[in-house]
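Have your viewer ready and a cartoon view switched on. This tour goes stop by stop, telling you what to select and what you will find there.

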Amino acid sequence: MCSLRWPVVAAFAGIIACNVVEQGMGGGGAGGFGTDAGASTDAGTGRGETDAGTTSGSDAGTVGTGNTDAGTTVSDCNGLAPAALGTMRAYQATYDSRDGMCGYASASGGGTVALLRANDQHPAWAYITSSGDLKTTAALWRGQVLAQPGDFLAVSGGTNDDMTIWATDDGARAKGTISRFEGGDPMVIPDPRGGAAVTGAIASAGVPGLSRGPYPLQLMAGNEDGTIRFGPRRLALNSAVFGMGVDLNRRILLVQDGSSICGGGCIVGQWYGADGNPATGTFTMIEHLVPGPATWFELAPLIGGGLAVRRMDARISGDIRGFTSTWLMTVESGGATTHPSPDWMTSRPNSDLALARNNGAYAVLPNGQDGERCTQRLELVSPAGNACGHWDLAMADSGSCDNWGLRLGFDGTVMQRLPAQLERYLDSANRARTCTVRFWPAALK
């Protein structure tokens, strides 16, 4: 647990007390577990990726305001940057810091924010309205809740291998279909057009037994209404999956251990179509990977289709924040050839990309690092990679913060988790602790 810096906490008190307008631009972008590629099993990052590793700042500006920069004036920036992010909202939950958790938030296309916070080892979420009020809370025995273009999709399991995919409304009430399958701790990621892709040791519903598997490595996809789109189907290559992405054409790219094909340290990719059938054979993505203590890959949808691939590195497996990343390549939708990442991506390390402005721009979202200034820069980039502007989101005017990554919701809501230095304990036992998300509803819609 990070130590508190009380002067910074005091500075935050003034931020949370009122609605703050972040000045915008003038003129002119998930949980789960996996296995380690080393000799033994690893919990992964807790973000739904498989660990490929071995087993062994800017001006903070005025607090509560955003500095503005007109960026580069180019034609494809016209109309992309909003005049302002709008009114900042904040919601503060509490959780048991000894036995519980406080994680990231996501936002649905309807504008509801779901903040991960729990008082025990079972994940739970606070559902928050766009005005910052608590709507309801909900919990799962295990699994995750994925924001969707409409509402939410839950992928959950119980004490045995039975798992379900089911749609919920913005009040966490079940709707639509409840689909069942078997699995232990699969990798689950949202489809940018709605639904989810699931891979790992999984099987169709009805496989008996209370212990995990063994099940074959398979792939499946669910729709936003909870129905199964396809699968589970066996992977064409029976090797560990180190990353997965879904593009705007609903094609799925798996990043896998390719040592059986091209030797040690080789990483390969393979596309699957929206129907679950292989769309390509395997192709080499990296010839000689030198992993860190915990290494995996994350993929971001590109405007028009295809995916951008970044390498992720954490200090230890299980970290859910404070990791570094490097943009490595792009892959055309359904193509078996990789391309070096463009300069505008590689010049922005330690960042994620999210589709913004009705899929007409990219939001560049910082990962968050330890010991940063208590300010995070949100950038908006055109499809051609031109900088259309940025906002500096200041959480305090002094001090050092171990920042979380910025997130963007389906409706363009910008979400910022407060770092540990700006949270506080609520009891003398140092167990009850605040868990706070600031957000700008539909700011980049």
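Start by selecting strand β18 (residues 267-272) and its partner β19: three bridges join the two, and they run antiparallel. Keep in mind as you look around that this is a predicted model. Within this pair, find valine 268, which stands opposite threonine 284 in β19.

Now widen the selection to the whole sheet. This open sheet has four strands in the order β16-β17-β18-β19, with antiparallel pairing. At its edges are β16 and β19 (283-286), each of which pairs on one side only. Look at how the strands sit against one another: neighbours in this sheet are turned by 30 degrees on average, direction ignored.

**Next stop: another open sheet**

Select β4, β5, β6 and β7. These four strands form an open sheet in that order, and the pairing is antiparallel. Why do β4 (101-107) and β7 (134-139) each have one side without a neighbour in the sheet? Both stand at the edges with a single partner strand, so nothing in the sheet flanks the other side. Here the average turn between neighbouring strands is 20 degrees, direction ignored.

In the middle of that order, colour β5 (residues 113-118) and β6 (residues 124-128), which pair in the antiparallel sense over four bridges. Pick out leucine 115, and you will find its bridge partner, alanine 126, in β6.

**Next stop: salt bridges**

The structure holds 15 salt bridges. Show side chains as sticks and visit a few of them.

First, select aspartate 99 and arginine 431, whose side chains meet in a salt bridge of 2.8 Å, N to O. The two come from distant parts of the chain, 332 residues apart: aspartate 99 is in the loop between β3 (84-96) and β4, while arginine 431 is in the loop between β31 (414-417) and β32 (432-440). Are these residues buried or exposed? Aspartate 99 is partly exposed, at 34% relative accessible area, and arginine 431 is also partly exposed, at 24%.

Then move to arginine 250 and aspartate 191, a salt bridge with its closest N and O atoms 3.1 Å apart. Arginine 250 lies in the loop between β16 (241-246) and β17 (252-257), and aspartate 191 in the loop between β12 (187-190) and β13 (196-204), so this pair ties together parts that are 59 residues apart in sequence. Aspartate 191 is buried, with 2% relative accessible area.

For a pair that sits in strands, select aspartate 392 and arginine 377; their closest N and O atoms are 2.7 Å apart. Aspartate 392 belongs to strand β28 (residues 387-394) and arginine 377 to strand β27 (residues 375-381), with their positions 15 residues apart in sequence counted as the separation. Aspartate 392 is buried at 1% relative accessible area, whereas arginine 377 is partly exposed at 32%. While the sticks are on, also select Arg315, Asp319, Arg321 and Asp370, which are joined into one network by salt bridges that share partners.

**Last stop: serine 325**

Finish at serine 325, in strand β22 (residues 324-331). With 3% relative accessibility, serine 325 counts as buried. Which side chain does serine 325 meet in a polar contact? The partner is asparagine 367, at 2.8 Å. Now show what else surrounds it: leaving aside residues up to four places away in sequence, serine 325 touches Arg310, Arg311, Met312, Pro349, Asn350, Ser351 and Asn367.

Key: Residues numbered from 1 in each chain as written. Predicted model: local features only at pLDDT ≥ 70, side-chain atom pairs only at ≥ 80, totals over all residues. Heavy atoms only, no water. Buried < 20%, exposed > 50% of the residue type's maximum accessible area, 1.4 Å probe, protein only. Polar contact = N/O pair within 3.5 Å; in protein donor to acceptor, adjacent residues only side chain to side chain. Contact = heavy atoms within 4.5 Å. Pairing = 2+ DSSP bridges. Axes fitted to C-alpha atoms, helices over the stretch in contact; angles between N-to-C directions. Salt bridge = Lys/Arg side-chain N within 4 Å of Asp/Glu carboxyl O.
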